[in-house]
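Here are my notes on the model you asked me to look over. They are numbered so that you can reply point by point.

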Amino acid sequence: MANNNTLYLMGGMPKSGTSCLAGALYELGLEMNLGNVNANLQLFAPSSGEEFITEDKYYMYESGGLMTLNEQMLRGAISGWEHYSTARNPGSGSMLNPPHVDSLWMDERVLSIISSFAMTSLKEFPFGIKDPRITFLYSIWAKGVELAGIKAKGIFSVRPPLSAAHALVTRGWMNSYDSALELWLRYNRTVLKWAQEEEAQVVIYNQDDTYLTQIEALCEQIGLNYQQHVMDKFYKAASPEDIDPAILANHPMKRSIEDVFQALVESRVGNK
């Protein structure tokens with residue numbers, strides 16, 4: 001593993017298995033312990049009332065400092081850098097109101113912060129960081145760490161459309177299936193872009209043993225030692241979900257959603 005000088009950037013839509021993916025790879029040996037990374041990671045001082053994570057803590061395999069940086073980058077892209085201080089997004093901020101990826105650009109200050117972080121905080125490889133926001137920031141992160149002489153590789157978790165929408169609605173993240181499916185399409189069109197243009201890896205978060213097969217194939221590519229007994233403790237296949245198929249069948253973007261999902265299934269790790 002010592003020769004794999006690579007930072008694995010893990011993303012995907014919220015409630016789509018990103019924490020399961022990161023947790024599995026961590027338990028199987030992927031380094032993710034960043035330590036204290038918060039110094040100089042903010043683009044802007046949070047305005048009054050903004051709930052950014054500034055403590056050095058982890059939640060669901062995510063670093064508070066990096067979450068703050070990524071949130072600031074996305075909010076800046078949504079509102080425009082010059083209007084950043086007035087940007088206010090409810091709930092989970094940019095994760096539920098992401099910008100179109102083409103609206104982002106290679107800001108020199110951002111690249112400098114990422115490059116500096118990579119040089120000072122990444123000591124052992126292969127290394128991984130996880131945040132759903134990386135889905136839209138992948139090209140910026142990849143360029144920044146490459147300036148530090150470190151390779152970047154994307155790994156994205158994708159959940160089937162209806163299952164993902166159901167998770168968002170039933171857990172109170174979104175109010176309607178229609179909007180949840182539209183969010184699914186925005187995230188996963190972007191994931192497909194990275195899979196096709198940057199050879200990012202796609203893992204389909206599903207409810208059968210093919211998930212374990214994908215994790216095993218991913219471990220082989222990364223250089224991790226896949227251990228079934230670790231996965232037996234970590235991953236449990238869920239019971240089938242009772243979701244009305246008419247929700248997707250009646251959605252105006254049904255064809256686009258189905259086409260993107262099919263392309264992602266064909267692109268998933270082990271299929272290329």
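**Notes on the predicted model**

1. I start with a loop residue. E199 sits in the loop that runs between helix 6 and strand 6. Its phi is positive, about 55°, although E199 is not a glycine. E199 has a relative accessible area of 54%, over the 50% cut-off, so it is exposed.

2. Keep in mind that this is a predicted model. The mean pLDDT of the protein chain is 81. Of its residues, 78% reach 70 or more. Residues 52-57 have a pLDDT below 50, and this stretch makes 22 contacts in the model beyond near neighbours in sequence. Residues 80-92 are also below 50, with 28 contacts counted in that way. Please read both stretches with those values in mind.

3. Now the overall make-up. The protein chain has 10 helices and 6 strands. It has 272 residues, of which 54% count as buried. Take the contacts in the chain with a separation of 6 or more: residues 24 or more positions apart account for 78% of them.

4. Which residues touch the most other members of the largest nonpolar core? They are L7, W141 and W184, in a core of 58 residues. Helix 6 gives the most to this core, with 10 residues. A second core, separate from it, has 25 residues and includes C20, V203, L212 and V230.

5. W141 deserves its own look. Leaving aside neighbours within four places in sequence, its contacts include L7 and L9. W141 also touches L66, L69, N70 and M73. I114, F117 and I129 are further contacts of W141.

6. Two of the W141 contacts, I114 and F117, are among the buried residues of helix 3. The others buried in this helix are V110, L111, I113, S115, A118 and S121. Helix 3 covers residues 108-121, 14 in number. From first C-alpha to last it reaches 20 Å, close to the 20 Å expected at 1.5 Å a residue.

7. Helix 10 covers residues 254-267. Its 14 residues should span 20 Å at 1.5 Å a residue, and its end C-alpha atoms are 20 Å apart, so the two agree. Which residues of helix 10 are buried? They are I257, V260, F261, L264, V265 and S267. These cover an arc of only 165° around the axis, and therefore lie on the same side of helix 10. The face turned away from that buried side carries the exposed residues R255 and E266.

8. What do the buried residues of helix 10 pack against? Two strands are on the list: strand 5 (151-158) and strand 6 (201-204). So are three helices: helix 5 (161-170), helix 6 (177-197) and helix 9 (246-249).

9. On the cysteines, the count of disulfides comes to 0. C20 has 14% relative accessibility, under the 20% cut-off, so it counts as buried. C219 is at 0% and counts as buried because that value is also under 20%.

10. F234 lies in helix 8 (residues 228-234). F234 and C20 are 214 residues apart along the chain, yet their C-alpha atoms are separated by 8.2 Å. Not counting residues up to four places away in sequence, F234 touches S19, C20, G23, A24, E27 and Y61. Is F234 buried, exposed or partly exposed? At 26% relative accessibility, it counts as partly exposed, because the value falls between the 20% and 50% cut-offs.

11. Two more backbone points are worth checking by eye. The peptide bond from F125 to P126 is cis, with omega near 0°. P126 lies in the loop between helix 3 and strand 4 (127-130). K15 is a residue other than glycine with a positive phi, near 65°. K15 is in the loop between strand 1 (6-11) and helix 1 (18-27). Its relative accessible area is 26%, so K15 is partly exposed.

Definitions and conventions: Residues are numbered from 1 along each chain as its sequence is written. This is a predicted model: local features need pLDDT of at least 70, side-chain atom pairs count only at pLDDT 80 or more; totals for chains, interfaces and linings use all residues. Side-chain values use heavy atoms; hydrogens and water are left out. pLDDT is the predictor's confidence in each residue, from 0 to 100. Contact means heavy atoms within 4.5 Å. Helices (H or I, at least four residues) and strands (E, at least two) are DSSP runs, numbered from the N terminus. The expected span of a helix is 1.5 Å times one less than its number of residues. Buried means under 20% relative accessible area, exposed over 50%, partly exposed in between (1.4 Å probe, protein chains only). The arc is that of the directions from the helix axis to the C-beta atoms. A nonpolar core is a set of buried Ala, Val, Leu, Ile, Met, Phe, Trp, Tyr and Cys residues joined through side-chain atoms within 4.5 Å. A disulfide is a pair of cysteine sulfur atoms within 2.5 Å.
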